[in-house]
Amino acid sequence: MKNIDKLNELYSKISNPIDDDEVLLKLLNRFTNERELYTKLINFEKIKTNISYKAYEDDLLRENYQLKQEKLLFNSDSLGNDEWFYFNGFTDEKNLKHQFFINTANGMVHYAALSFLQACNKESLPYCFKYSLNGRDDKIVIYTTDDFIFKHLAVLKQIKPKLDEFSLEGIVDHNGKNDEGINEPPFITGKIDKWLGYGACEYKNNNLEDYHNNRNALIFSSLLKIDKTNDKNSLINLRQELVNNSALYNVDPNNFCFSAEVGEAINSLNNVVKKKKIFLPKCLFGCLAYNKNR
């Protein structure tokens, strides 16, 4: 796996979402079906913003010189039943392994997407992303590969001040109220610098599956096996069920937002590093000290 040392560093910096009791408490509601749970995971509202930043939308289409009309190899967002706009510059979508989530205000989705696209074009980087104009916490989803993950991460960090400056100009939401600029990403994603979400790309029937669809199925099946009262035992039991069932959904048991593939590669790397360390027996230290004093 490429960039394994950098991935190991990123892995160590991103906290496991299900280690947070507040995250688990949000999951302990009595959800009657998977759609209801999915709606909770992304804070979904079927409300499209009535604000049109037409200039940014036109620029977005103009900048995207590699626009593909088809929807790639993605499975439909069946649970959210949402409308997505796709942009892709990768020739082989099956190499996509990682994704970043940006939860912008509804009114700055086009501007944020355009800023990312322009920065990628400037650096001659391929890109693959989708965005939604509905009210949800994963409005912009950026897909990337082992080769480009850290280049795309650098681009996102580079445009962050630009997005912050735009949000300070004042944005009005669909209710006529001031809209936040960049909010926290979906709560079951890994957090990078508090504003950027991370999640693994998952595949189903050789098609790229929505991250929240995949995790939703794992969470819902785990919830069916426990008593959902909001006490400490419920939190412990839910966390354990999520770990126990993780292999069925290709989820890393040690960090919920990573894939099993990445988790295994990092465990192998760390095991090799441990084996390379040389530990001298205590008696040898005494011999060395003796010889040094002679």
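How many contacts beyond four places in sequence does the model have for residues 172–178, over which pLDDT stays under 50? The structure is a predicted model, and for this stretch the number of such contacts is 14. Across the protein as a whole, the mean pLDDT is 81, and 74% of the residues reach 70 or more. A further stretch, residues 65–81, has pLDDT below 50, and the model gives this stretch 48 contacts beyond near neighbours in sequence. When the elements of the protein are ranked by mean pLDDT, strand E11 (residues 196–200) has the highest value, 98, whereas helix H10 (residues 282–293) has the lowest, 48.

Strand E6, which spans residues 140–145, is mostly covered, since six of its six residues are buried. Ile 140, Ile 142 and Thr 144 point one way from this strand, while Val 141, Tyr 143 and Thr 145 point the other way, and all of these residues are buried. Two strands pair with E6 in the antiparallel sense: strand E3 (residues 96–104), over six bridges, and strand E4 (residues 128–131), over four bridges. In the pairing with E3, Val 141 of E6 is the bridge partner of Phe 101. On the side of E4, Tyr 143 of E6 stands opposite Cys 128, and Ile 140 of E6 is the bridge partner of Tyr 131.

Strand E4 is likewise covered on both faces, with Cys 128 and Lys 130 buried on one side and Phe 129 and Tyr 131 buried on the other. Besides its pairing with E6, strand E4 pairs in the antiparallel sense with strand E2 (residues 85–88), again over four bridges, and in this pairing Asn 88 stands opposite Cys 128. Cys 128 thus has a bridge partner in E2 and another in E6.

The burial of Cys 128 can be stated numerically: this residue counts as buried because its relative accessibility is 1%. Cys 257 also counts as buried, because its relative accessibility is 0%. What keeps Cys 128 from forming a bond with the closest cysteine sulfur? That sulfur belongs to Cys 201 and lies 8.3 Å from the sulfur of Cys 128, which is too far for a bond, given that a disulfide requires sulfur atoms within 2.5 Å. By this rule, the count of disulfides comes to zero.

In soluble globular proteins, nonpolar side chains tend to be buried together. In the present model, the largest nonpolar core has 74 residues, and those with the most contacts inside it are Phe 100, Phe 116, Phe 129, Leu 156, Ile 219 and Phe 256. Leu 156 illustrates how residues distant in sequence are brought into contact, for beyond residues up to four places away it touches Phe 100, Ile 102, Phe 116, Ile 142, Trp 195 and Leu 196.

Buried positions are also found among polar residues. Asn 103 is found in strand E3, and it is classed as buried because its relative accessible area is 3%, which is under the 20% cut-off. The side chain of Asn 103 is joined to that of Lys 139 by a polar contact of 2.9 Å, and a polar atom of the Asn 103 side chain lies 2.8 Å from the backbone oxygen of Glu 184. When neighbours within four places in sequence are left aside, the residues in contact with Asn 103 are Arg 136, Asp 137, Lys 139, Gly 181, Ile 182, Asn 183, Glu 184 and Pro 185.

Two buried residues in loops complete the description. Asn 106 is found in the loop between E3 and helix H5 (109–122), and it is buried because its relative accessible area is 9%. Although Asn 106 and Asn 134 are 28 residues apart in sequence, their C-alpha atoms are 7.4 Å apart in space. Ser 259 lies in the loop between helix H8 (232–244) and helix H9 (260–276), and with a relative accessibility of 5% this serine counts as buried. The side chain of Ser 259 reaches the backbone nitrogen of Val 262 at 3.2 Å. Apart from neighbours within four places in sequence, Ser 259 is in contact with Ala 200, Glu 202, Asn 250, Val 251 and Asp 252.

How values were computed: Residues numbered from 1 in each chain as written. Predicted model: local features only at pLDDT ≥ 70, side-chain atom pairs only at ≥ 80, totals over all residues. Heavy atoms only, no water. Buried < 20%, exposed > 50% of the residue type's maximum accessible area, 1.4 Å probe, protein only. Pairing = 2+ DSSP bridges. Core = buried A, V, L, I, M, F, W, Y, C linked by side-chain atoms within 4.5 Å. Contact = heavy atoms within 4.5 Å. Polar contact = N/O pair within 3.5 Å; in protein donor to acceptor, adjacent residues only side chain to side chain. pLDDT = per-residue confidence, 0-100.
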